[in-house]
Amino acid sequence: MPEVDGGARSAWGVFGAGDCLGTVNRQTPERIAAAAGLVRRGALFSLNAPLDLITPAMFNRGADRRTTLETTPGRTMDDVHDNFYPQATSQWDSLGHVAFRPGEFYNGATTEEIKTGRRNTIEHWGARGIAGRGVLLDIAATAPSGYHPGTSTALTVADLERAREAAGITYRPGDILLLHTGFLTWYAEQDRATRRRMANRETLTAVGVEHTPEIAAYLWDSQLSAVAGDNPALEVWPPEDTAEAWPFGFLHHVLIGQLGLAIGELWWLAGLAADCAETGVHECLVTAAPLNAPGGIGSPANALALK
């Protein structure tokens, strides 16, 4: 791919000049059908954390307020959600979430095109659906001694490769990569004071992939269709989102803004990881139904794994 400003490689135009799907294009009918063949036991795993698990919400997002409505006394019930942030729990980032640089989003979309919902917004995935072969790398199980998911631990290509080799996995085009870092299970055990610290983007610390061209190249060259982790940002937090560190200091600029990579964050992977460890099978069918919300920027994951 051609090199652009800041040393990033550009995938603009790889899937067509007007493309709004990015790497999800790699989920072809043939690859989805092959992934469906991985369902042998009928084992089902929800990859969605409870809506109220991450409390208070991270990145200064608001808390969902749900009200149960008795619409007909004694007969019918309904509910309403207020202050709902689609990216406050297990979620997808659309390709309109983060720009490569101000005013330039994936495939050259402008801020105005994102704001008016003409390009890169969540309904492009929502109307299509997401499905493919999921491969789980258990970072928490293969990390060196002293590993702690609640610290700013930067995962290198070597770390991912160690977990991949332990899983006995060979990537295939269109794979959905699942990174089990152990962050969310660790977070679930924390007290209120720790959760308040983690909620503030200025004091949040969390494991994630390192801010380097090597990681970006690895994720692209593996021909993945999506990458999801159980950590807050997929990449190590905090970022170095400064002019001097751009674009790799905050890797979203490159992964979303240039590569068009579908990113999932805060997925609940503990149950699936435990099953992979028990059975030795680290591949599965993954399906997801992002919200078909015209103009939306993010969505709950609505993801399942089947084995």
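**Close-ups of a predicted model: strands, helices and core**

**View 1. Strand β7 and its partner β9.** In β9, Leu177 finds its bridge partner in Val227. This is a predicted model, and the view shows β7 running parallel to strand β9 (residues 226-229), with four bridges between the two.

**View 2. Strand β7 and its partner β5.** Strand β5 (residues 130-138) also pairs with β7 in the parallel sense, this time over five bridges. Look for Gly134, which sits opposite Ile176 of β7.

**View 3. How covered is β7?** Strand β7 spans residues 176-180, and five of its five residues are buried, so to say "mostly covered" fits by the under 20% cut-off on relative accessible area. Both faces are covered. One side carries Ile176, Leu178 and His180, while Leu177 and Leu179 are on the other, and all of them are buried.

**View 4. The whole sheet, edge to edge.** Nine strands make up an open sheet with mixed pairing. Reading across, the order goes β1-β13-β11-β5-β7-β9-β10-β4-β12. At the edges you'll find β1 (44-46) and β12 (298-300), each pairing on one side only. Ignoring direction, neighbouring strands in this sheet are turned against each other by 25 degrees on average.

**View 5. An antiparallel pair, β11 and β13.** Here strand β11 (residues 283-288) meets strand β13 (residues 303-306) in the antiparallel sense, with four bridges linking them. A handy pair to pick out is Leu285 and, opposite it in β13, Leu306.

**View 6. Helix α5 against helix α8.** The axes of α5 (residues 157-167) and α8 come within 9 Å of each other, crossing at roughly 35 degrees. On the α5 side, the contact is made by Val157, Leu160, Glu161 and Arg164. These meet Glu214, Ile215 and Tyr218 from α8. Sorted by class, that's four nonpolar and three charged residues, with no polar ones.

**View 7. The largest nonpolar core.** This core has 77 residues, and the members touching the most others are Trp92, Leu178, Phe183 and Trp267. Helix α8 (residues 213-221) supplies the largest share, five residues. Leu178 is a familiar face from the β7 view, where it sits on one side together with Ile176 and His180.

**View 8. Zooming in on Phe183.** Which residues does Phe183 touch, leaving out those up to four places away in sequence? The contacts are Met58, Pro149, Gly150, Met198, Thr205, Ala206, Val207, Asp230, Asn231, Pro232 and Leu266. Phe183 is also one of the four core members that touch the most others.

Notes:
Residues numbered from 1 in each chain as written. Predicted model: local features only at pLDDT ≥ 70, side-chain atom pairs only at ≥ 80, totals over all residues. Heavy atoms only, no water. Core = buried A, V, L, I, M, F, W, Y, C linked by side-chain atoms within 4.5 Å. Buried < 20%, exposed > 50% of the residue type's maximum accessible area, 1.4 Å probe, protein only. Contact = heavy atoms within 4.5 Å. Axes fitted to C-alpha atoms, helices over the stretch in contact; angles between N-to-C directions. Nonpolar A, V, L, I, M, F, W, Y, C, P; charged D, E, K, R; others polar. Pairing = 2+ DSSP bridges.
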